[in-house]
Amino acid sequence: MDLALKQQGLTVEQERILQLLIEAGHDEEEAREWVITEVFEAEEKPRFTVTDESSANWVLRKLAECDAEESAIKQMADEEIERIKKRAEKLLSPIQRKRQFFEAVFTPQLEEFAKSRVTDTKRSVNLLHGKVGFRRGQEKLVIDDEEKAIIWAESECPDAVKVVKSLLLTPAKAQLLKQCPETKALAGIMHIEPAEDKFYVKAEMPQD
């Protein structure tokens, strides 16, 4: 079928697949081309369906191959990132040691220099390669006896006392089943939803 004719329209199923690819982050133009060249041509042939163990196993094998390819790429990326990190650490190490030396030796001297230059209104000294000075810190409340502090706050400043309550689900569930084994519910308060089967797919590559 000519590509131009294919582009005239997609079936509902093809549009659904295209939308899923776009939502997954694929480029719209590339995704549309893939749907046209792969899905469109595949739909012209008898549709593959899972009808027995062999066909089900084929789908699982394809999924396992995707997982293996993804894992291999992630492993290569992780290894490359680790190599870059080690190289960066090797390059940064002497720079960091040099900085530590200058800070340890000269920070006290810079502080004394700044003290000789600052005033009540001028708290810093501007230099060609930076600035030295002092910033006013904030007052900090230090709790010497938390228990007595809480007692004081409860009477003098209730807003400073925080009480947190939460419901632990496991013991609550056990007690509810004990009290209401048949209904498994307290009307308008809580209830236990029945367990449901959840379908899962686990694709595996054969082990050597």
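1. Confidence first: the chain averages a pLDDT of 87 (the predictor's confidence in each residue, from 0 to 100), and 90% of the residues score at least 70. This is a predicted model, with local features needing pLDDT of at least 70 and side-chain atom pairs counting only at pLDDT 80 or more, while totals for chains, interfaces and linings use all residues. Residues are numbered from 1 along each chain as its sequence is written, and side-chain values use heavy atoms, leaving out hydrogens and water.

2. Go easy on the start of the chain: pLDDT stays under 50 over residues 1-8. For that stretch the model has 9 contacts (heavy atoms within 4.5 Å) beyond four places in sequence.

3. On charges, I'd look at the salt bridges (a side-chain nitrogen of Lys or Arg within 4 Å of a carboxyl oxygen of Asp or Glu); the structure holds 8. One of them pairs arginine 61 with glutamate 65, with 3.1 Å between the closest N and O atoms.
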